[in-house]
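Here are some short exercises to work through at your own pace. Try each task before you read its solution.

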Amino acid sequence: MSQLVRVAIGEDFPEIQWPACCPECGTTKSLIRNTSRLGRVKSLRPNLAGGLTMKSEVMYLNYWICPAHAAETRWANTLLDKSPLMYLIRFLFYTGAVFALGLLLGPRRLSTFPELGPMLALPFIGIFGVASLIWARMATSLRPMRFDPDQDVIEIQFRQAPYATRFRVMNREATSSQNTEETPWFRRSIVWKVIVIVLFLMFMARMMK
């Protein structure tokens, strides 16, 4: 059974420790290092040139894994990566899948296929892509999910609960609820940013009347 583990990071906490075994099968033989990346946008501000200056942060997780599960975890995490390029590719997959559903369930259904020409590739890309994403969610042994937007905390999804338990024990301080407890919704910065934007828009609309 999979487990989501929150891990505090920063200068106040030691470097993340990893169990010397495969996160999928638990073997301790012939292990290799596998790397998964996790990024976040820390700030986005206008600059003097009229554009936007983006400050980002990338964290690399280097953990032990057996060769049998390293490749599939690497490919799965690549498909699920939160980079702009992968967001665009996943959008293409979902668009193609919706197109395929329209062709299969629409009023003309399969009779439309010969008229599509090169566009016929889009539904096939969508079906293949969505199937690949489903496979990736099932195949990844260890997946960095996200940075908490209001804390120096990352979330890691482990597919095997025993491995997640060993990880918690090795990083007891960084994974303790005291250091990783989620910020209540009413204290999250995004909530207050939305409120400020809505109030500003309401004020501007009133001024324009």
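**Exercise 1: two packed helices**

Helices α2 and α4 are oblique to each other, a word kept for angles outside the classes roughly parallel (under 35 degrees), roughly antiparallel (over 145) and roughly perpendicular (65 to 115). The model is predicted, with local features needing pLDDT of at least 70 and side-chain atom pairs pLDDT 80 or more, while totals for chains, interfaces and linings use all residues. Residues are numbered from 1 along each chain as its sequence is written, and side-chain values use heavy atoms, leaving out hydrogens and water.

Task: find the angle and axis distance at which α2 and α4 pack.

Solution. Step one: α2 covers residues 84-105 and α4 residues 121-139. Step two: with axes fitted to C-alpha atoms over the stretch in contact, and angles from 0 to 180 degrees between N-to-C directions, the angle is about 120 degrees and the axes are 7 Å apart.

**Exercise 2: a helix length**

Task: check the span of α1, residues 67-79.

Solution. Step one: the expected span is 1.5 Å times one less than the number of residues, so the 13 residues of α1 should span 18 Å. Step two: the end C-alpha atoms of α1 are 19 Å apart, which agrees. Step three: its buried residues (under 20% relative accessible area) include His-69, Ala-70 and Leu-79.

**Exercise 3: a loop residue**

Task: locate Asp-150.

Solution. Step one: Asp-150 sits in the loop between β4 (142-147) and β5 (153-158). Step two: its relative accessible area is 26%, so Asp-150 is partly exposed, the class between buried and exposed (over 50%). Step three: Glu-182 is 32 residues from Asp-150 in sequence, and 8.7 Å away in space, C-alpha to C-alpha.

Notes: Helices (H or I, at least four residues) and strands (E, at least two) are DSSP runs, numbered from the N terminus. Buried means under 20% relative accessible area, exposed over 50%, partly exposed in between (1.4 Å probe, protein chains only).
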